[in-house]
Amino acid sequence: METLQKVFLAFAILSLPLLVEGASPPQLIYKDFLGGWGDFEFAADTHWVSGYNGADYDFMKESGWTSPPNSDLWRNGVNLATENDSVAVGWFRETGSNVNPGKNIVYKLLLNEGTGGSNCQYFALKNTSAGNSVALLESVFPVDSKQYNIHPGDTVLFHVDSIRMSDYDNLPSGASVEYKILLEWSDGRVNEKKLAPSSVPFSAEIEGIPTSGETSLIVGIRVGVSSISGERQPGVCVDGAHLYIKRAGSSDFEKEVVPVPRERKINTMMIFFDANKHDPHEIAKTYDSVMLQQESHYTFAQRLKYYNPNIKVYLYESATITDWRDGYYNDSWYSNSPIGFGWAIDNHPEWFYSYPQNAGVKNPPGDNRASWKRFFNDGKTPLNYVFSFEYQNSYCTRLDDPNFQNTWRERTVDKATRYKLDGVFVDSLAEVEEFGTHTTDGSTVSVLNITPWEVQSFQHSVFPFLRASNLEIVHNLCTKHYGTWLGKIYLDPFWKPDDSIPEKYKSPNYKENSPEVTADVFFQEWAFFRHWPVNGVDMNHYEPDYWRECLKDIETVVEWNTQLPDNRKKKVHMLVHGIDRPGDPADGIDGWIYFGFCSFLLAKNDFAWFGADQKRDLIGLFNLTEKLGDLIEPRNNHTGVYADATLQTRKYSNGTVVVNGHSTLERNYTLEQDFVEESGKRYSAGTNLTLKPHTGRILFNPPQNPVESCGNGICDSSENCNSCPVDCGVCPCTNCGGGGDGGGPPSGGTGGGVASQTSSLSTSTSLQITSTTQECTSGESKCVESSAGKFLFECVGGAWKTQKECRVGCTKVGVGGECKLETNETLANAYGRVLAEVNSLLADAKAAGLNISAEELDLRKASEFKDRGDYSNAVDALEKAKKSIQEKLAELPPQQLLELSQQRIVGLSGAALALIFLAYAYRKRKRREEEIKNANISSLLSQKASR
C-alpha cells in the first residue's frame, strides 16, 4: 500500500481550501473517524475492559458499572478519571487476564509531552512478575450499511502520527517487550503490525477490510511484556490518531469539509443527538446547538466540535431524581439526573414525597416500572414514593430543599465541566398541581402540590452556581408564555412579586428575579402548536391564540435584551413538536414542520433558535434561509394582513414569508409582486394565493438572471448583451436620448430614463425584434460574485453599470446579491487577507527572478496607509500590487510556472496552492478576453468590408 504521505501529496495538488468568515478556513480533507478523539487532549471518565477476575480486586466497588459480579467473563466498567488513572475521551483501556487493574497498569495523560507541546496518552505495565501480560489502548466503531459508518468491503487505514516507547531496553535475561498496532474485527480476525521500539517519535499505520457480516471494528495500540518484575515499567506514548476510509470500489480515501460551512441565516438547535443514529458531520453542519440524548454519548461533543468549533453542546439533566438502578440495586454510572436514586433513598429520604397513609393503592393500574424498581435497595421493602405516571422512572422531588439544591448543582457542574460541555439543559423544573392517587375505596386523595415558589427557589440557588462555572443554562418550560404570571415568575429577569399570583399560590417565599437567577436560554418544547390525545388518538392541535403567543414570546426576549448587558442577554429555543397523522403529515409545504418553520421566520431574530423534533434531514429546509436573505423590515404586523391576526407576513431581502395560523379556515393573500415558490411555481402580481389552515409559504423574488454561466466575468459564446449584460455589457442604447452607435463591441451605453435593448430571437426568418425595457430602478445596487471576482453594480439611467470590484465581498452568489458596506473593521480584515496573498505572490515572483521593485513600493505605501488607519487606500495599494504580480506570473513560460507550483507543494500550504491556481485561472481568463477582442475586431472588419 502507498503510505499516506504520497496520498497527502496528491491530495494537496487537487484540493483548494474553502474560506469562510469568522472561523478557521474549512478544507476538503480526509474523513477521519477519530477527528476530535485522536488528539488525546483530555479525559473525563475511564472506560475499561479487563480479563482479570481475581478476588483481590473489587470490580463492583471500583467502578460505576460492570458485568455481573462473580462472573468468569471479561469485566467492563467506567471509573472517574484521576490524575494517575485516565484514558482520553473516545478511547478505552483493555488489560489481560493476569493483569490486576489495581496493581499492574498505568494509564495517564502526559501534559505538554505530545506533538507540538500538546498532550499525549501514556500507558504501561508494571510489577508483572511472570508470564505474558497485555495492555491496550482502543477505540471501537460500528460496521454496518449506514451511509456515514464503515461498510463491509471498505478499506480502513489506522494511522498514528506519533508513537514513542519507554523503558524497553536492557531487559533482564528471558524478559521481553513487544509493541503492536492493530485492527480487530467482530468475527475475531486481527490485522496487526509489530513496531520496533524507539524513544524517538515515529508514525505507524495499518489497514484492513471488513468482510460481510462484520458489526464492529476496534483499532488499538498494544504493549505486551513477559517475565518483567521489579521497578521496570515498559510503556508507550501515542498522539495524533486517525482512522481513514476508502469506500469499496473507490481509488481514493473519502473526504469531507472541516470545519463545516454554515449555510443558513437562522440559528438552529437539536434535542436528543443520538450517536447510534446521527452522523456528527451532518449534525454539526445543520445545527448551532445540540443536546445529547444520552449522557454516555458525552464523548461525541468533541466529535461535533471537531466539525463545528462554534457549536454549543448541552448536557441533559432532570431537576427531579430518576431511578436508573439495575437488577442488583446499583445506580447507573450514566443517567439523566446528577443524583443516583439508590443513593438518595438511602441517604436523603426526606427529598421525596410519600403517598399518604390512606392511599391504599401504591401501584395502581398503568404502573410499568420493572419489578425490582418497586422496592427499596434491600429488594424487600415496597417503595411508597410518588412517581410520574408519564415518565415512571422520575420521582417527585422537594425542589426547595437546600441540601438537595446544593447536591444537584455541585454534581451537575462536575459532570458538565469534566466533559467540557457548554451548558446544561434543565428539564422537569416546573410546578405540579394537585397530584393525586386513587385509594382502595375508589376516591382520589391529593398527594402533593409542587408550587411555583419552590421552582423559583431552585432557580435562585442553582442557576448562579452553574453560570459561575461558565455553563449556559437552558430551562425547559413547555407551553408557558412569557406574559403569563407563571412565565414571569420563571423567566422574566425583572419580575417582582405582585398581585398577579392566584390566591391558592400566594406565598411570602417568592423572591425578586434578576438576570443572574433566570436561565440564559428559554426552551419552548411545543412551539406554535401542541398535541394531545383525543379518544385515545394523539393528534396535533392548532390554536390561533397559542400560535400568536409563541410569536410574542420570541419578541419578548428581544425587549428584555434591550435592558440587559451583553453577557446576560437571553435566548429562546423554539422546537416544533408534532405528531404525524393522516392528513396532517410532518413533511411537505403543507406539513407541520414547514408551518412551524415559516411561523418562526415571522418573528426570527438574532436571539431565537429553531428546531424540529423529528428524525428527518432538515438541512435543506434551513438552507432556504440563505436564499431568502436578510430581514428588511421589523416585526410590526401583529394585527396581521387585512386586519386578520391569523394571516401574517414578513419581508426578507429576496422574498416574503406568509403564514395562515388559523386552525380551521383558509386564508387568501394577494401578492403585491411576482413571486416564485420553492417548488419553482411562478405567481404574478395580483394573484390571490390560498393558504390552507395552519400552513405557511416562502415566496422568493423572481431570479433576475436565469443564465447559469452569466456572472462569471466572461462573455461566453452562448451569451450576449441582452442575455448577460453583467459579462457582455449593456446593449447599445437606440432610443434613450444619447446613447451608442449600435455597431461596436459590447459596451454600456448611457442615456435617459429608459434603456432600449435589441434581442435576437432564433426563428426560421431570423427576425430582429426591438423592445424597450427598463432593467432597473435608479438608486438600486447589486453585487455579482463569480470566479472572476466580486463586482458592485448600480442602476444608472435604468441600466446596470459596473462601479467597482468589491474588496469586502458579497452576501450572495450571483446576480441579486448585496454588497456589504465597507467599514474600517471589514477593510482591516480585507487588508490582512490580501496582504497574505501579496506576500505569497512576492515569494513566487522572487523565485522566478522577476523585477518586483514597483510592487514592493506599493507594499510599503499600503503599510503607511494602514499605520495611519486609512484601510481603504491600504487595500487599494495591495490590490494594485497583487494584480501586477499576477500579470507578471501569468506571462511566465508554462514550464517555469509548473516548477513554481511544485515548489509550493513541498510546503503543503493550501493558501499558496490556491494562488498558483489563481495564476493559471488569470492566464486562462486573459487568453479568453483576447479571443473575444480579436473576434470582435474581425467582425468589425468584415462589416466594414461589406459596406
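The following paragraphs describe strand pairing, a disulfide, selected backbone features and helix packing in a predicted model.

Towards the N terminus, strand 2 (residues 45-50) has two partners that run in opposite senses. With strand 3 (residues 75-80), strand 2 pairs in the antiparallel sense over six bridges, and within this pairing His47 stands opposite Val78 of strand 3. With strand 4 (residues 92-95), by contrast, strand 2 runs parallel and is joined by four bridges, Val49 standing opposite Glu94 of strand 4. In general, the strands of a sheet pair through backbone hydrogen bonds, in either the parallel or the antiparallel sense.

An open sheet of five strands follows, in which the strands are arranged in the order 5-6-13-8-11 and the pairing is antiparallel. Strand 5 (105-110) and strand 11 (202-208) each have a single partner strand and stand at the edges, so one side of each is left without a neighbour in the sheet. Averaged over this sheet, and with direction ignored, neighbouring strands are turned by 30° against each other. Within the sheet, strand 6 and strand 13 run antiparallel and are joined by four bridges, with Ala124 placed opposite Gly235 of strand 13.

The structure holds one disulfide, which is formed by Cys120 and Cys237 with their sulfur atoms 2.1 Å apart. Cys120 belongs to strand 6 (residues 120-125) and Cys237 to strand 13 (residues 235-246), and the pair, 117 residues apart, thereby links distant parts of the chain. The torsion about the S-S bond of Cys120 and Cys237 is about 115°, so the disulfide is right-handed. The disulfide cysteines thus lie in strand 6 and strand 13, the two strands that are also joined by four bridges.

Two loop residues in this part of the chain have backbone features that can be noted individually. Asn170, found in the loop between strand 8 (155-166) and strand 9 (176-185), has a phi near 55°, a positive value in a residue other than glycine. Pro259, placed in the loop between strand 14 (255-258) and strand 15 (267-273), is preceded by a cis peptide bond from Val258, with omega near -15°.

Helix 6 (residues 402-418) and helix 7 (residues 452-468) pack at an angle of about 30°, and their axes are 10 Å apart. Because angles under 35 degrees count as roughly parallel, helix 6 is described as roughly parallel to helix 7. The crossing of these two helices, helix 6 and helix 7, is right-handed. On the side of helix 6 the contact is made by Phe404, Gln405, Asn406, Trp408, Arg409, Glu410, Thr412 and Val413, and on the side of helix 7 by Ser457, Phe458, Ser461, Val462, Phe465 and Leu466. By class, the contact of helix 6 with helix 7 comprises seven nonpolar, five polar and two charged residues.

A second open sheet of five strands has the order 29-30-35-32-33, again with antiparallel pairing. Its edges are occupied by strand 29 (647-652) and strand 33 (682-683), each with a single partner strand, so one side of each is left without a neighbour in the sheet. Strand 32 (residues 675-677) and strand 35 (residues 695-700) pair in the antiparallel sense over two bridges, and Val676 stands opposite Phe700 of strand 35. Two helices lie across strands of this sheet. Helix 10 (residues 592-603) lies across strand 29, strand 30 (655-660) and strand 35, and runs at about 65° to strand 35, while helix 11 (residues 619-628) lies across strand 29, strand 30 and strand 35 and runs at about 40° to strand 35.

Further along the chain, the axes of helix 14 (residues 853-867) and helix 15 (residues 871-890) come within 7 Å and cross at roughly 165°. This angle makes helix 14 roughly antiparallel to helix 15, and the crossing of helix 14 and helix 15 is left-handed. Helix 14 contributes Glu855, Asp858, Leu859, Ala862, Phe865 and Lys866 to the contact, and these meet Tyr871, Asn873, Ala874, Ala877, Leu878, Lys880, Ala881, Ser884, Ile885 and Lys888 in helix 15. The residues of the contact of helix 14 with helix 15 divide into nine nonpolar, two polar and five charged.

Key
Residues numbered from 1 in each chain as written. Predicted model: local features only at pLDDT ≥ 70, side-chain atom pairs only at ≥ 80, totals over all residues. Heavy atoms only, no water. Axes fitted to C-alpha atoms, helices over the stretch in contact; angles between N-to-C directions. Parallel < 35°, antiparallel > 145°, perpendicular 65-115°, else oblique. Left-handed = near helix turned anticlockwise from the far one by under 90°. Contact = heavy atoms within 4.5 Å. Nonpolar A, V, L, I, M, F, W, Y, C, P; charged D, E, K, R; others polar. Pairing = 2+ DSSP bridges. Disulfide = S-S within 2.5 Å.
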